[in-house]
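This report describes the fold of a single chain, beginning with one detail of strand pairing and then widening to the chain as a whole. Please keep the sequence and the coordinates at hand while reading.

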Amino acid sequence: EMVANLPLPGLRALIRMGVPKVVQVGHPVLRTPAKKVEKHQFGSKELRDLVSTMKTVLRKHDAVGLAAPQIGVNLQVALIEVTEHAVRGEATYRDVGRIGIEVLPLKVLINPTYKPLSTTKVSHREGCLSVKEFSAHVDRFTEVEVDALDENGERQVWRARRWTARIVQHEIDHLHGRLYIDCMNSLTFATNAELDTRPPSAIDEQNDGARPLRR
């Protein structure tokens with residue numbers, strides 16, 4: 001079993017295990033605020049290997065985001081990526097232009113923070129690799145400023161809008177021990193299998209009844 005407070009030098013043992021499994025809700029690492037990556041850890045083989053392993057897990061699951069706690073590592077590291085394949089797949093279910101789903105090259109966010117640039121929030125359905133096969137509507141800010149470090153310790157400040165802003169907020173929540181189920185509209189909570197069997201309900205109309213992008 002993966003260790004919730006795994007120190008950076010211990011990552012080699014984790015990586016030798018192969019592609020880690022995604023831990024599920026109920027595991028304490030998902031509810032433990034993650035530790036910041038320290039200055040001396042940037043550029044280390046362990047951190048590079050962690051980022052590489054997370055990239056493998058992210059793409060294995062065709063996900064758009066992954067936080068280190070989701071593979072049992074209690075560090076403030078998150079990856080986000082929206083591929084052309086993901087956008088094309090979502091176009092089957094919903095109007096991707098209307099809700100702002102667009103291609104996003106891989107970004108590594110270390111010790112990230114964000115601040116809202118608008119008070120406007122929008123509700124859409126979210127899922128999570130760590131709450132397998134469920135989803136619900138969640139209110140998120142539509143535009144945020146992201147302030148993070150990359151894997152080399154270089155600061156990156158950029159604006160995220162619409163669906164990208166949603167992914168950023170979801171992943172940073174993970175780094176603070178929060179899951180989307182903590183702020184969801186509980187009346188919209190459903191299995192993805194159930195969503196596939198019925199037309200959009202009034203409460204899901206805003207999201208076209210679509211299955212959520214995975215994070």
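Which residue in β8 is the bridge partner of Ser135?

## A bridge and its strands

In this predicted model, the residue of β8 that forms a bridge with Ser135 is Ala190. Strand β5, which covers residues 134-141, is joined to β8 by 2 bridges, and the two strands run antiparallel.

## The sheet around β5

Strands β4, β5 and β8 form an open sheet of 3 strands in the order β4-β5-β8, and their pairing is antiparallel. The edge positions belong to β4, at residues 121-127, and to β8, at residues 190-191, each of which pairs on one side only. As a general matter, strands of a sheet pair through backbone hydrogen bonds, in either a parallel or an antiparallel manner.

Helix α5, spanning residues 162-175, lies across β4 and β5, and this helix runs at about 65° to β4.

## The chain as a whole

The secondary structure amounts to 6 helices and 8 strands, and these elements follow one another along the sequence in the pattern α-α-β-β-α-α-β-β-β-β-β-α-β-α.

Of the 215 residues in the chain, 51% are buried. When contacts between residues at least 6 apart in sequence are considered, 71% of them join residues that are at least 24 apart. The area that the chain exposes is about 10300 Å², and carbon and sulfur atoms supply 51% of that area.

Technical notes. Residues are numbered from 1 along each chain as its sequence is written. This is a predicted model: local features need pLDDT of at least 70, side-chain atom pairs count only at pLDDT 80 or more; totals for chains, interfaces and linings use all residues. Side-chain values use heavy atoms; hydrogens and water are left out. Helices (H or I, at least four residues) and strands (E, at least two) are DSSP runs, numbered from the N terminus. Buried means under 20% relative accessible area, exposed over 50%, partly exposed in between (1.4 Å probe, protein chains only). Contact means heavy atoms within 4.5 Å. Accessible areas come from the Shrake-Rupley method with a 1.4 Å probe; for residues, only the protein chains shown count as cover. Two strands pair if DSSP finds at least two bridges between them. Axes are lines fitted to C-alpha atoms, for helices over the stretch in contact, and angles run from 0 to 180 degrees between N-to-C directions.
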